[in-house]
Amino acid sequence: MMRLFDSHSHIQEKPFAGDIGDVLARATRAGVEGIAVCGFDAESNQAAIALAATSPILVPTVGFHPHDAGEVTSAMLAELESLARLPEVVAVGEIGLDFYRDLSPREDQRHALDEQLAIAVRVAKPVCVHSRAAEEEIYPHLAAYASSSPLPGAGRPVGVMHCFGGTLEQAQRYAGLGFLVSIPCTITYPNNAEARRIAAGLPLSALVVETDSPYLPPQELRGRRNEPANVRSAVAGIATARGMTAEAVADATTANACRLFGVRVPEEAASL
Ligand SMILES: [Zn+2]
């Protein structure tokens, strides 16, 4: 069976409240051995930690999304740092810049991003980055962060560019900083040639896959709720783009996600 890792989801949220057990059972049957449950505000950070405590395949991340950057206070950042220090929390995110929707002033977005990158350095954990219409503007922030993160010294990635929407050339620059690039199920959309170019052009060691559940379902499920079992669509899309087997892509992206989050998949852990 394929071994899969969904590196970005929001399954702690309302759309999953009624059937999370079934969602996790379908994921396990599909071969999903790890799912990152990503917070984006104070409430969803707590919900991510609470949900992750219910299953060994779930790992929580905590952060403040750029959409809400205008409301982030220093007290909230202090609280975030104490959550980020919890041993079960694997990353800081999602954090970033969103100059497409511009729901918070850009200056507030930059400030919240830099404060949270500094937290990630202090707690020595990677970051999950959301970047939309800001792939150039975010670069100096992430370059400064990557040069102060202690993770490369331990052979680990500094973070992941979640649902990367830039070009292959931009993706290569972030891979050069030590970031992984995450490919979502939207690689299966007919008009998404750039995602297929990124999937084919980056080294396999720089790629992970994600669903961003409940968002971004694969082509055959457009308009429906996405869920972690569908991460195999992203793997299949990469395999087609690279001319490789889905099994090889699944193995590599799962190993990369484990290196990113500093976790071992349960099966591996059991055999040690
Ligand atoms: Zn997300």
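**Exercise 1. Place Ser44 in the structure and decide whether this residue is buried or exposed.**

Ser44 has a relative accessibility of 2% and therefore counts as buried, where buried means under 20% relative accessible area, exposed over 50% and partly exposed in between, with a 1.4 Å probe and protein chains only. The model is a predicted one, in which local features need pLDDT of at least 70 and side-chain atom pairs count only at pLDDT 80 or more, while totals for chains, interfaces and linings use all residues. Residues are numbered from 1 along each chain as its sequence is written, and side-chain values use heavy atoms, with hydrogens and water left out.

The next step is to locate the residue: Ser44 belongs to helix H2, residues 42-52, helices (H or I, at least four residues) and strands (E, at least two) being DSSP runs numbered from the N terminus. Once neighbours within four places in sequence are set aside, Ser44 is in contact with Gln12, Glu13 and Gly39, contact meaning heavy atoms within 4.5 Å.

**Exercise 2. Describe the surroundings of Ser131, and state which side chain makes a polar contact with the side chain of Ser131.**

Begin with the element, which is strand S5, residues 127-132. Ser131 has a relative accessible area of 8% and is therefore buried. The side chain of Ser131 makes a polar contact with that of Glu135, at 3.2 Å; such a contact is a pair of N or O atoms within 3.5 Å, where within protein one must be able to donate a hydrogen and the other to accept it, and residues adjacent in sequence count only if both atoms are side-chain atoms. Beyond four places in sequence, Ser131 is in contact with Leu97, Ile138 and Met161.

**Exercise 3. Find which residues touch the most other members of the largest nonpolar core.**

A nonpolar core is a set of buried Ala, Val, Leu, Ile, Met, Phe, Trp, Tyr and Cys residues joined through side-chain atoms within 4.5 Å. The largest one has 68 residues, and those touching the most other members are Leu58, Val127, Leu142 and Phe179. Taking Val127 as the example, and again leaving aside neighbours within four places in sequence, its contacts include Val92, Ile95, Leu117, Tyr145, Val158 and Phe179. Another core, of 14 residues, lies apart from the largest one, and Ala36, Val90, Cys128 and Val208 are among its members.

**Exercise 4. Work out which residues lie nearest the centre of the largest pocket.**

Of the 29 residues that line this pocket, His130, Arg132, Cys163, Asp212 and Leu216 lie nearest its centre. Strand S4 (91-98), S5 and helix H7 (193-201) are the elements that give two or more residues to the lining.

**Exercise 5. Locate the cis peptide bonds and positive phi values, beginning with the residues joined by the bond whose omega is about 15°.**

Most residues other than glycine have a negative phi, and most peptide bonds are trans. Here a cis peptide bond with omega of about 15° joins Gly93 and Glu94, and Glu94 lies in strand S4. A cis bond also joins Ser213 and Pro214, with omega of about 10°, and Pro214 is placed in the loop between strand S8 (207-209) and helix H8 (231-242).

Turning to phi, Asp212 has a positive value near 55° although it is a residue other than glycine; Asp212 is in the loop between S8 and H8, and is buried at 8% relative accessible area. Asp102, also not a glycine, has a positive phi of about 50°, is found in the loop between S4 and helix H4 (106-123), and is partly exposed, with a relative accessible area of 33%.

Terms used: On a 1 Å grid over the protein atoms alone, a cavity is a set of points where a 1.4 Å probe fits but cannot get out, and a pocket is an open set with protein on both sides within 12 Å along at least five of seven lines; lining residues have an atom within 4 Å of a point.
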